[in-house]
Amino acid sequence: MQNVTEISEDLYYLGGNDRRLALFESAFPVPRGVSYNSYLLKDEKTVLFDTVDLAVSEQFFENLGFALGGKKLDYVVIHHMEPDHSASFSRLIERYPEAQVVTNAKTAKMLENYFGFPSERALLVKEGDTLSAGKRTISFVFAPMVHWPEVMMSYIPEKKLLFSADAFGTFGALGGSVFADEVDFDREFLDDARRYYFNIVGKYGVQVQSVLKKAASLEIRTICPLHGPVWRKDLGYILAKYDLWSRYEPETRGAVVFYASVYGHTQNAAEIVARRLAEQGVPVKTYDVSVTHVSELLSEAFRHSHLVFCSTTYNNGIFISMDAFLRDLSAHNFQKRKYALVENGSWSPQAGNYMQAEIAAWRGMEEVAEKVTVLSSVNEETRAKLLALADALARDLKQN
Ligand code: FEO
């Protein structure tokens, strides 16, 4: 049965939720599910904006048929070719062969590669081109690398509405509400929105800044993303988050302690640091990187201003899980944070040097405390050094 929501006059939400997916993009746990959004404009012409993942394809086609109400589908705009949005494309064209595909040249090439859809059948648009649907006009805004190179957005000036593709989206299925103002977004979605942002497009801060500048030149009252709720109130909230995140500025002034420990001695060192930071009034969180998913570790690292990395030495290098975490931070262009290091080793402690070598490639990093080396387990001497490390971090947090 259809489950269509009217977003505004003549504009309908057709998407669906997947709460059974274990790993989004085969990489990111989504315990709260994810939504795949699609929209239909019913003007003198009917315009579909993107399709959906196969997981919600049946619901989508039911919604589309109902929303069209017997009208033919005139246009389908493809903003982003990643299959979580385009997987239902072939089925759509089979059902609505008369629909004119509207997209850009890069997307048309991908449609050919993914589906064997001939490029010459697409109406190609360029940045700033417009398409009239009748009373409303669709203007195309290119957004390369947010999150693939072919990504574009659409703007309807008569509605002051932006179809933002992946941008301003979030993990988390829609619990009934389609609009962000109908939920407590801070409590219900912000952690998922942050984890989604940094893991999906965190690497491309420059490109996100470029899109934000384009958006600033438009009067926007509604944002329709491809995942998560629609924004029609308090848009400054999510725009400010994206501005902060894409400038790689910390969201929280506070510390987070990441540790990799085999038998608990490095954990002990990490927790001595964390306890001291808390005693000094510093907001602090602690994560065992071996049991926390790296997508959450990454999000927490980007969120905080001061980081402590504690690793035991393993195979004359960094422990496996910490090594993977640091390389993931490198891959996401991590930068501009204060940090301190703790290493452990029973015969040849090396983790600190290797962690330092990885961090050396990150822009704008500053080590604010002397590295502490633990030999097997913390003793009185190393405990004093760990307390000094925490005190140095706390001083820096209070001063800067
Ligand atoms: Fe939601 Fe980049 O696809």
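## Helix H10, a good way in

In H10, the buried residues are Ser295, Leu297, Leu298, Ser299, Glu300, Ala301, Phe302 and Arg303. That leaves the helix mostly covered, with 8 of its 10 residues buried. What do these buried residues pack against? Their partners are strand S5 (28–29), H6, S17, strand S18 (284–288), strand S19 (304–314) and helix H11 (320–331). A word of caution before going on: this is a predicted model.

## The chain at a glance

Stepping back from that helix, the chain has 400 residues, and 56% of them are buried. Its secondary structure comes to 13 helices and 23 strands. If you drew a box around the C-alpha atoms along the principal axes, the box would be roughly 80 × 40 × 35 Å.

There is plenty of long-range contact too. Take the contacts with a separation of 6 or more: residues 24 or more positions apart account for 72% of them.

## Two domains and where they meet

The domain assignment splits the chain into domain 1 (5–246) and domain 2 (255–393). How far apart do the C-alpha centres of domain 1 and domain 2 lie? The answer is 39 Å. Domain 1 puts 10 residues into the contact, and domain 2 puts in 11 residues.

Between them, domain 1 and domain 2 bury about 910 Å², with 54% of that on carbon and sulfur atoms. On the domain 1 side, Phe198, Asn199 and Lys203 lose the most area to domain 2, and together they make up 52% of what that side buries.

## The nonpolar cores

The largest nonpolar core has 116 residues. Leu64, Leu92, Tyr242, Phe258, Phe309 and Met322 are the ones with the most contacts inside this core. Helix H6 (residues 190–200) gives the most to the core, with 6 residues. Both domains take part: the core draws at least three residues from each of domain 1 (5–246) and domain 2 (255–393).

Phenylalanine 309 is worth a stop. Leaving aside its neighbours within four places in sequence, phenylalanine 309 is in contact with Phe258, Met322, Phe325, Leu326, Leu329, Tyr339, Ala340, Leu341, Val342, Met355, Ile359 and Trp362. There is also a second, separate core of 27 residues, and Val257, Ile272, Val308 and Ala390 are among them.

## Rings that pair up

The count of aromatic pairs comes to 30. One of these joins tyrosine 248 and phenylalanine 302, with 6.2 Å from centre to centre and 35 degrees between the planes, which makes it a tilted pair. Tyrosine 248 sits in the loop between helix H8 (235–246) and strand S17 (252–260), while phenylalanine 302 sits in helix H10 (residues 294–303), so their pairing ties together parts that are 54 residues apart in sequence. Tyrosine 248 and phenylalanine 302 are both buried.

Now for tyrosine 314 and phenylalanine 319. Why is this pair edge-to-face? The ring centres are 4.8 Å apart and the planes stand at 75 degrees, and planes over 60 degrees apart count as edge-to-face. Tyrosine 314 is partly exposed, at 34% relative accessibility, whereas phenylalanine 319 is buried, at 12%.

## Arginines over rings, and a buried aspartate

Two arginines lie over the faces of phenylalanine rings. Arginine 95 is over phenylalanine 61, at 4.1 Å from the ring centre, and arginine 32 is over phenylalanine 189, at 5.1 Å from the ring centre.

Arg32 turns up again beside aspartate 192: apart from neighbours within four places in sequence, aspartate 192 is in contact with Arg32, Thr170, Phe171 and Gly172. Aspartate 192 is found in helix H6. Is aspartate 192 buried or exposed? Its relative accessibility is 11%, so aspartate 192 counts as buried.

## Backbone oddities in the loops

A few spots in the backbone deserve a look. The peptide bond from valine 146 to histidine 147 is cis, with omega near 25 degrees. Histidine 147 lies in the loop between strand S13 (137–142) and strand S14 (152–156).

Serine 26 has a positive phi, near 55 degrees, in a residue other than glycine. You'll find serine 26 in the loop between strand S4 (23–24) and S5, and it is exposed, with a relative accessible area of 67%. Aspartate 234 also has a positive phi, of about 55 degrees, although it is not a glycine. This aspartate 234 lies in the loop between strand S16 (222–224) and H8, and it is exposed, with a relative accessible area of 57%.

Key
Residues numbered from 1 in each chain as written. Predicted model: local features only at pLDDT ≥ 70, side-chain atom pairs only at ≥ 80, totals over all residues. Heavy atoms only, no water. Phe/Tyr/Trp six-rings, centres within 6.5 Å; stacked < 30°, edge-to-face > 60°. Helix = DSSP H or I, 4+ residues; strand = E, 2+ residues; numbered from the N terminus. Buried < 20%, exposed > 50% of the residue type's maximum accessible area, 1.4 Å probe, protein only. Lys NZ or Arg CZ within 6 Å of the ring centre and 35° of its normal. Core = buried A, V, L, I, M, F, W, Y, C linked by side-chain atoms within 4.5 Å. Domains from an automatic or database assignment. Contact = heavy atoms within 4.5 Å. Buried area = accessible area lost by both parts, 1.4 Å probe.
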